[in-house]
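Visitor: I have just started learning to read protein models. Could you walk me through this one?
Guide: Gladly! Take a look, and then ask away.

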Amino acid sequence: MTLPPPFSLSISAQRAEDCRVTLPVPAPVSGKVEPMAQVPSALVTSGLLGAGVAISPTGHTVLAPFSGTVVSVSSTKEQIRLKSRQGLELLIQVGLNSHKMMSEGFKSHIKAGDKITQGQLLMEFDLRKLRLGCTCPLCLVLVPVLPRLKHIQGHYHSLMAGEEPCMTLFLS
């Protein structure tokens, strides 16, 4: 089986090869990684929520991609913000406009302030309800703010949550 080459997104003029730190981000959701250009939302594709990848989910769980702290969980349970022990913030959004589902089909296993370990179950969701109840069932994995982030390399192929990186971050 041949995998397609990874896609890249440059945040600055600095080349990925010139960055000092590379940080693979394990996929929090099983599925197929898609470029952000595939997301049917101007808000997301413009980068206002951050830079990252979208995953077309095949599973029904969200796992912690790293150890750290839960910064916030939306009241409708579809969005989680995490912070690693090294300071990396990650936003995980399950579905577009899924807040309109009013928590229906989402079960959170965490709350703001909780300490988490890599691979820990954060959330379960009903994939069937997600496909029927929201604009788009893609799960977004975004880096909202990171001044040192210079480049993102997405790995667009099917992957298992917690086992393979969905993207690699290049930091200065």
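Visitor: What percentage of the 172 residues in the protein is buried?
Guide: First, this is a predicted model, in which local features need pLDDT of at least 70, side-chain atom pairs count only at pLDDT 80 or more, and totals for chains, interfaces and linings use all residues. Residues are numbered from 1 along each chain as its sequence is written, and side-chain values use heavy atoms, with hydrogens and water left out. Buried means under 20% relative accessible area, exposed means over 50%, and partly exposed lies in between, using a 1.4 Å probe and protein chains only. By that rule, the buried share of the 172 residues is 47%.

Visitor: What is the mean pLDDT of the protein, and where is confidence highest?
Guide: The pLDDT is the predictor's confidence in each residue, from 0 to 100. Its mean here is 85, and 87% of the residues reach 70 or more. Strand E1 (residues 7–10) has the lowest confidence, at a mean of 58, while the highest, at 98, belongs to strand E10 (residues 115–116).

Visitor: How many helices and strands are there in the protein?
Guide: Helices (H or I, at least four residues) and strands (E, at least two) are DSSP runs, numbered from the N terminus. Counted this way, the protein has two helices and 15 strands.

Visitor: Which strands are at the edges of the open sheet?
Guide: Two strands pair if DSSP finds at least two bridges between them. Eight strands form the open sheet, with antiparallel pairing, in the order E10-E6-E7-E8-E12-E4-E3-E14. An edge strand pairs on one side only, and here the edges are E10 and E14.

Visitor: Which residue in E14 stands opposite Lys-32?
Guide: Strand E3 (residues 31–34) has four antiparallel bridges to strand E4 (residues 51–57), and Glu-34 has Ala-54 of E4 as its bridge partner. E3 is also joined to strand E14 (residues 158–159), by two bridges in the antiparallel sense. Across from Lys-32 in E14 is Ser-158.

Visitor: Which residue in E7 stands opposite Ser-72?
Guide: Strand E6 (residues 68–73) and E7 run antiparallel and are joined by five bridges. Opposite Ser-72 in E7 you will find Arg-81.

Visitor: Which strand gives the largest share of the largest nonpolar core?
Guide: A nonpolar core is a set of buried Ala, Val, Leu, Ile, Met, Phe, Trp, Tyr and Cys residues joined through side-chain atoms within 4.5 Å. The largest one has 36 residues, and Phe-125, Cys-166, Met-167 and Leu-169 have the most contacts inside it. Elements that each supply at least two of its residues include E4, helix H2 (127–133) and strand E15 (165–171). The largest share, four residues, comes from E15.

Visitor: Why does Cys-166 count as buried?
Guide: Its relative accessible area is under the 20% limit, so Cys-166 is classed as buried, at a value of 0%.

Visitor: How far from Cys-134 is the nearest cysteine sulfur?
Guide: A disulfide is a pair of cysteine sulfur atoms within 2.5 Å, and by this rule the count is zero. Cys-134 is itself buried, with a relative accessible area of 11%. The nearest cysteine sulfur to Cys-134 is that of Cys-136, at 6.7 Å.
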